[in-house]
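Student: I would like to take a close look at a single part of this structure and understand how that part is placed within the whole. Could you go through it slowly, in connected steps?

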Amino acid sequence: MRRQVEDTILFIRFSIDMSMLCLAWIIAYFFRFSGAIPIPRGIPEFELYAKLLPFIWIIWMIAFYTAGFYRRTGRHRSAFIEALDILQSCLFATILFIAFTYVYDEYRYSRGMLAIFAGVHPWLIITGRSLVRKSLRRFRKQSPARRILVIGEGENLYRAIDLIEKDDFYFNHIQAVIIIEPSETQIQDKEFCTTKNLQSFPIPKDIARFVSEQKIDSAVLAIPHKSYWFLDLYLEKIADQVPEIKIIPDLLRFTRFAADFEVMGGIPMILINESPMVGIRSLVKRLIDFFGSLTALLLLSPLMVMISILVKLTSPGPVFYRQERMGLDGKTFEMLKFRSMPVNAEHSTGAVWATPNDSRATRVGKWLRKTSLDELPQFINVLTGEMSLVGPRPERPVFVEQFRTHVPGYYLRHKTKAGITGWAQVNGWRGNTSIEKRIEFDLYYIQNWSLRFDFKILFLTIIKGFINKNAY
C-alpha cells in the first residue's frame with residue numbers, strides 16, 4: 001500500500017515539475033516577444049520554440065532524477081534544502097540546455113528568452129512543489145490516524161518509533177509497544193516509551209487477543225537478530241489479526257551505506273553497501289567529469305607545458321611519473337603526476353609515505369608538491385574514465401593491503417571512482433595524516449553524495465585545497 005502511495009506522490013511531483021517547466025517556457029516566450037523589448041528580426045512562431053519542450057523535459061528529468069527527486073528511497077528534504085537542491089539542479093540543467101541549443105541548428109534561438117526562462121522556472125518549480133507539500137500535509141491531518149503496534153527492543157525499537165513519528169505519508173498513532181526481552185534492556189526500553197508518552201507492554205500471554213482488542217491497523221516488528229525466535233513463536237498469530245505487517249531487518253551493523261532491495265523470482269533480496277552513484281547518476285557524473293577535465297586541460301595547458309619544461313630541464317628522466325593506484329571496485333590503474341623526484345627514487349627504500357621536507361624531491365618537485373601542481377596530469381586520468389574530479393583519493397595497492405586489515409570500512413571507499421580532490425582533502429586530511437579520519441570523511445562523502453556536494457568540494461578545492469600544510 002505504501003509503495004502505491006509513494007509512487008502516486010512521486011508522479012504528482014513529476015507532473016508538477018514538467019508542467020511548471022512548460023509554463024515557464026511559455027511565460028519566457030510571451031514576455032520576450034510581447035513588444036516591451038525590441039525585436040529586430042520580428043516575432044518568431046511559437047511552434048519553433050515549442051519543439052524544444054521535449055528536450056527541456058528530458059534534460060531536467062535527468063538532472064532532477066540525479067539529484068534524488070524521483071527516488072522512492074530518497075532522503076526526506078526540508079522545504080529550504082529542497083529549494084536549494086532545485087536551484088542547483090536547475091542551474092546544471094540550464095547549462096546543459098544552452099549547450100544543446102548550440103548543437104541544435106534548426107533555428108537560432110533568442111538568448112534573451114533563455115535568460116528569462118532560466119530566471120523564472122526554478123521559482124515556479126519551488127512554488128509548485130510547495131503547494132504539493134502543503135496539500136499533502138492538509139490531507140494527512142484530515143485522514144484518520146493509523147493505529148500502529150511496534151514490537152521490538154533496544155536500538156531497533158527506538159529507530160522504528162522515530163521513523164513512524166516522522167512519517168510524511170501517513171498520520172500515524174502508536175497505539176502500543178510490545179517489549180520483547182524481560183531484562184535490564186526492558187527497563188531502558190520502558191523509560192524510552194515513557195519519555196515518548198507511549199504505552200509499553202511485555203509479550204502478552206494471548207498476543208492474538210491483545211492485538212485484536214487494540215484494533216491495530218499495522219504492526220512494525222523491529223527485532224534484533226538475537227530475538228528472531230519471536231517470529232517463529234508469534235508472527236503467525238499476529239498475522240491473523242493485523243492487515244499489514246512490516247519487519248525492519250537488523251542489518252545496520254552490516255552496512256554503512258543506504259540499503260536497497262530487489263525481487264528475484266518472487267523472493268525479496270536486500271542489498272547492502274550499495275553506492276549511490278549508479279545508473280543515470282553515474283552517467284551524469286561521468287559527463288561532468290569528461291567535460292570538466294577537458295575544459296581544465298584546455299585552460300591549464302600553457303601552465304602544464306611550462307611545468308613540463310621545468311621538470312625536464314632540472315632533472316633527467318620523463319616528465320610524467322606513473323604510479324599504480326587502486327580505484328573503483330579495487331581495480332588498479334596508472335595514475336599520472338608531474339615527476340617530482342629523481343628516477344628510481346624508491347629503488348632502495350621501497351614504497352614509503354612522503355614526509356615534510358622530503359630529501360628525495362627535486363627543487364622544482366618540492367614546489368610542485370607544495371602547491372599540488374604535480375597533480376594536474378590526473379585530469380588525463382579523469383578524461384579517460386580511470387578517475388573522477390571528486391572522490392576518495394586513490395591509494396597504492398601495497399598500502400591498501402595494510403589498511404584494509406585494521407581500518408574498519410576501508411575497502412568501502414572503492415565503491416566509487418577515485419578523485420583528484422575529495423571531502424577528506426578539503427578538510428585537511430591528506431598526506432601522512434590519520435587514515436581513520438580520512439576514511440570517515442570518504443565514507444561520509446559516498447553516503448551523502450549529490451551533484452551539489454561535488455560542486456561544493458570543487459569550490460572548496462579552488463579556495464583552499466591546493467596549498468595545504470599537509471601537501472608535501
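Tutor: What follows is a walk through the strand β1 and its partners, with a view of the whole chain before it and a few other places after it.

Please keep in mind from the start that this is a predicted model. The chain holds 16 helices and eleven strands, and of its 472 residues, 46% are buried. If we consider the contacts in the chain with a separation of 6 or more, 73% of them come from residues that are 24 or more positions apart. The accessible surface of the chain is about 25400 Å², and carbon and sulfur atoms account for 62% of that surface.

Now to the part itself. Strand β1 covers residues 146–152, and it belongs to an open sheet of five strands, whose order is β3-β2-β1-β4-β5 and whose pairing is parallel. The two edge strands of this sheet are β3, at 200–201, and β5, at 244–247, each of which pairs on one side only. In the order of the sheet, β1 stands between β2 and β4, and we can take these two partners in turn.

On the one side, β1 pairs with β2, which is made of residues 172–179, in the parallel sense and over seven bridges. Two places let you follow this pairing in the model: leucine 149 stands opposite alanine 176 of β2, and glycine 152 stands opposite isoleucine 179, also of β2. On the other side, β1 pairs with β4, residues 218–222, again in the parallel sense, and here there are five bridges. One place to look for this second pairing is valine 150, whose bridge partner in β4 is valine 220.

How many of the seven residues of β1 are buried? Six of them are, and therefore β1 is largely enclosed by the rest of the structure. It helps to remember that in a regular strand the side chains alternate between the two faces of the sheet.

A little further along the sequence we come to helix α6, residues 154–165, which contains asparagine 156. This asparagine 156 has a relative accessible area of 9%, and because buried means under 20%, asparagine 156 counts as buried. When its neighbours within four places in sequence are left aside, the residues in contact with asparagine 156 are Ala222, Ile223, Pro224, Ile248, Pro249 and Asp250. Among these contacts is Ala222, and residue 222 lies in β4, the strand of residues 218–222 that pairs with β1.

For another buried place, turn to glycine 365 in helix α11, residues 363–371, where the relative accessibility is 0%. Glycine 365 and arginine 339 are 26 residues apart in sequence, while their C-alpha atoms are 7.0 Å apart in space.

Finally, there are enclosed spaces to find, since the count of cavities of 30 Å³ or more comes to four. The largest cavity holds about 70 Å³ of space, and at least two residues of its lining are supplied by each of α10 (280–314), β10 (388–390) and α16 (451–465). Of these, α16 gives the most, with four residues. The lining of the largest cavity includes Lys285, Ser388 and Phe455, and by class it has six nonpolar, one polar and three charged residues.

How values were computed:
Residues are numbered from 1 along each chain as its sequence is written. This is a predicted model: local features need pLDDT of at least 70, side-chain atom pairs count only at pLDDT 80 or more; totals for chains, interfaces and linings use all residues. Side-chain values use heavy atoms; hydrogens and water are left out. Buried means under 20% relative accessible area, exposed over 50%, partly exposed in between (1.4 Å probe, protein chains only). Contact means heavy atoms within 4.5 Å. Accessible areas come from the Shrake-Rupley method with a 1.4 Å probe; for residues, only the protein chains shown count as cover. On a 1 Å grid over the protein atoms alone, a cavity is a set of points where a 1.4 Å probe fits but cannot get out, and a pocket is an open set with protein on both sides within 12 Å along at least five of seven lines; lining residues have an atom within 4 Å of a point. Grid points are joined across faces, edges and corners, and a volume is the space filled by probe spheres set on the points. Ala, Val, Leu, Ile, Met, Phe, Trp, Tyr, Cys and Pro count as nonpolar, Asp, Glu, Lys and Arg as charged, and the others, Gly among them, as polar. Two strands pair if DSSP finds at least two bridges between them.
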